[in-house]
Amino acid sequence: MTNDTITISLLNYNKASIPVIQDPQLLYVLRNECSLSWGDVSFSLAPGDFFLVSSLQSCTCNLLSSHGLIAVFRISYTYLSEQLGNPFVNLRCMSICENNPMHREIQSLAQQILSYYVSSSPLDRFRLQASCLDLIYLLIRFFTLADATTAADTAQPKSDRMFSILRYLHQNYNQPITLQSLADHFYLSIPYLSKLFKKNLGLNFLKYLNKIRIEHAVEDLKATSHTVSQIAFEHGFSSLASFNRTFRDIYGQSPSTYRKDCASEIRADDSQQFLRQFLERHPFRVQSNSIPPLICRADTLSAQPYRKNWQDTLSLGVASDLTHSWAQSQIAQLKQSLHFSYGYVWRLFCKETLVTPAAQTFNFSYLDSVLDFLTQTEIIPFLDLGFRAKQLVLNVNSATNTDTSSRISELTVAAMDNPSQYKNLLSSFIRHCIERYGEKNVETWRFCLHFDPGIPFSGDGLSWFKIFSDTSGCLKTYLPSAHLGMIGIFTYDDNKTFEEFLSQIVKKEYRLDFIGVSIYPYSLMQEQSLNNPASLDESFMLHKIHALQKLLMNYGLSEIPLYVTEWNLSFASRNYLHDSIYKGAYIIKNVIDCLHQTDSLTYWGSLDLLYEYYDSNQMLNGAPGLLSKNRIPKPAFHAFSFLAHLKNQLLSLGAHYIITMDGRNNYCIVCHNFCPPNTDYYYQYGEKISCEKVDALFQTAPVVLTFRIDNVKTGRYLIKKKFVNQKSGNLLAEWIHSGKPDATSMDEQSYLSAISIPRQTSETADAENNVLDITTILESNEIQLLQVIYQLE
């Protein structure tokens, strides 16, 4: 069957090299097992399994039985690229090696398409077309990847031009096209055109053109009785020798041998009848709507202590903001609920705090009010001794620009032009803190300098290591045991700045007590391919930490603690995902992923009120705080609140959960069903998505978790469950349903505060034979807290 979207064929011969063609091909196993070789990887596929062969991807399929059968859904590359307006369509999808609820939908659609394909009903022709489009929609929406190979060094104008070139080649491949004629047609120079092919496709012009010709020739070899010579000339080859050589390079055999090997393949004309007979004998089984549970095992005998790195530090804000009573009361609320130890405060020395380096005498009264509040609230100060500017990022695209020299703090330059003034200020401040709070207390504080990318690491004149050396000298003179590090080193540029920083440490033999990095899920490569820097990597932070730790090891600096001193899903201050239930699941997933990876995991964003601007008159505006401007907890707050209940002994850690115990027969479980946004977020909306469109970004993919804890005390347990999902604890949804009232409506604020809380239920479970089973269901992006309490008889 052939149409503008999908072509269906069958494979039933022993060994098949899947054609290296532009069209993506979905292989769906119908009968018996087969083995698939994909690059250096081989794996087995059972009936019902599927694998997507991407554009220009090579793989070999071996049927393990003479009765094996595979349906091939060949998806039109031309249709995809024209509809998406993007020639770089890269799909990845396989039913093995991945655990994705959408695989069930693909299996169902594949079965529907095949059933309609063999049907004789005219109405099923329409159903067939609709199901084919549904399958394409599903693959594009949930299984599109950014192609690092084809997208490298490709801005949007180049993509448009390359799209036109590729379309021209696919339409005229059988004509005598040369590199010169193609360059003339598009008014390009030959060197520039060659560079476009190499950078965008990883192939030169002739190899790419010959791949197109061969993919069409292969179809004729299998489906017609034309001679090999006739097929070669019909598809643009200038000679039979050229055709044979190119074919052998791709398939490892001659066209004649390939045709013989394919002799037992079902011809296109016969495939429909063959499949109809097969389905009459082997009808598809109706899949159950029940969701098989994921078994999450734990054993009390394996309990061990662990560090709650997410509670180490919370970023609080600039010092001048923290002098206000509204800020102090809300931060006290966070401290009481979330139990973090350190509070990061920056911009201590500025006009707003009445402390500047050029002053003859220093008035620390405003800073005293901040430090008094922190110590009284039992928050250990984590103080930035530099001149980090207060920056409100409304547009993430401008913020990710690596040319940041224009954003150097004026106070930084002023202070460093006269280093003696800065050292005098710093020495005075340290002495003042010791006198006011005591040397023993101040030694427990952390101190840092925040990296400013506009200032070089080293060299003559102004440099960060010169600033760091001066700062360290002042601090260690009075507090030899105090911890001082450099933080805020961004990693957006594929870790190049971080690596330069490490090389300077080794070269100059500087001593740092810790290194702090900023991790936001942005990729320079992603920005080039989708015009959006947001990364598609669901485990971006974990992978980033691993890469940074590897660099530390390579430079012999693995003994220096690596802190994540900023992390969030975005550093834009206007992104409604910050207000959504997705944010709660995002936080818990990343905390679980990175539990053992770093000593400090500092979430960036405490209060929405700290991100006020002229555009923020609404109650919710996409700010990254844990509390709304009206002090209403957001799903992000509930995520950290759930985590704060975890016990001190770790039993088990998995992709969806963490299980802990207190040693007194009580347990605590925090779990999530993280579901990332679909590709509409990356292709269409980005950070500027409206609040009404947030829900449409996420698929409906519930998950069932069964927690099985071995070696527990036999008896009855009370299970208190709290959960945040679409209908419970979802402030954004409730705000939208209420008509999006502004921030001045006191009645609406009280109402939203009352209903936007996690729902709570209670149940009991009996442990038999020292095994306790607890089963729970989570909706997409739902988070849950399960407190399991042993009941005395």
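**Exercise 1. Two helices that meet**

In which sense, left-handed or right-handed, does α1 pass α3? Describe the packing of these helices in this predicted model.

*Solution.* Start by finding the two helices: α1 covers residues 77-84 and α3 covers residues 122-142. Two packed helices are described by the angle between their axes and the distance between the axes. Here the axes come within 13 Å and cross at roughly 65 degrees. The crossing of α1 over α3 is right-handed.

Next, look at who makes the contact. From α1 come Tyr79, Leu80 and Leu84, and from α3 come Leu133, Ile136 and Ile140. Sorting them by class gives six nonpolar residues, with no polar and no charged ones.

**Exercise 2. The whole protein**

Step back and describe the overall make-up: how many helices and strands does the protein have?

*Solution.* Count the elements to begin with: there are 27 helices and 28 strands. Then turn to burial, where 57% of the 793 residues count as buried. Finally, consider contacts with a separation of 6 or more: 76% of them join residues that are 24 or more positions apart.

**Exercise 3. The largest cavity**

Find the cavities of 30 Å³ or more, then work out which elements and residue classes line the largest cavity.

*Solution.* The count comes to four cavities of 30 Å³ or more. The largest cavity holds about 190 Å³ of space. It is lined by 19 residues, and the closest to its centre are Pro521, Ser535, Tyr582, Tyr586 and Tyr682.

Now ask where the lining comes from. Three helices give two or more residues to it: α22 (540-554), α23 (581-593) and α25 (679-685). Among these, α23 provides the largest share, three residues. By class, the lining has 14 nonpolar, three polar and two charged residues.

**Exercise 4. A second cavity and one of its lining residues**

Which residues line the second largest cavity? Once you have them, take a closer look at His339.

*Solution.* This cavity has a volume of about 90 Å³. Its lining is made of Trp310, Gln311, Thr313, Leu314, Leu338, His339, Phe340, Tyr603, Leu626 and Phe640. Seven of these are nonpolar and three are polar, while none is charged.

Now pick out His339, which sits in the loop between α13 (325-338) and β14 (342-346). Its relative accessible area is 42%, so His339 is partly exposed. For the backbone, remember that most residues other than glycine have a negative phi. His339 has a positive phi, near 60 degrees.

**Exercise 5. Two more loop residues**

Is Ser573 buried or exposed? Is Asn769 buried or exposed? Place each residue in its loop as you go.

*Solution.* Begin with Ser573, in the loop between β19 (562-567) and α23. Its relative accessibility is 3%; the limit for burial is under 20%, so Ser573 counts as buried. Then look for a partner that is far along the chain. Gly622 is 49 residues away from Ser573, yet their C-alpha atoms are separated by 6.3 Å.

Move on to Asn769, in the loop between β26 (759-767) and β27 (771-778). With a relative accessible area of 70%, Asn769 lies over the 50% limit and is therefore exposed. The last step is its backbone: phi of Asn769 is near 55 degrees, a positive value in a residue other than glycine.

Conventions. Residues are numbered from 1 along each chain as its sequence is written. This is a predicted model: local features need pLDDT of at least 70, side-chain atom pairs count only at pLDDT 80 or more; totals for chains, interfaces and linings use all residues. Side-chain values use heavy atoms; hydrogens and water are left out. Axes are lines fitted to C-alpha atoms, for helices over the stretch in contact, and angles run from 0 to 180 degrees between N-to-C directions. Helices (H or I, at least four residues) and strands (E, at least two) are DSSP runs, numbered from the N terminus. A crossing is left-handed if the near helix is turned anticlockwise from the far one by less than a right angle, and right-handed if clockwise. Contact means heavy atoms within 4.5 Å. Ala, Val, Leu, Ile, Met, Phe, Trp, Tyr, Cys and Pro count as nonpolar, Asp, Glu, Lys and Arg as charged, and the others, Gly among them, as polar. On a 1 Å grid over the protein atoms alone, a cavity is a set of points where a 1.4 Å probe fits but cannot get out, and a pocket is an open set with protein on both sides within 12 Å along at least five of seven lines; lining residues have an atom within 4 Å of a point. Grid points are joined across faces, edges and corners, and a volume is the space filled by probe spheres set on the points. Buried means under 20% relative accessible area, exposed over 50%, partly exposed in between (1.4 Å probe, protein chains only).
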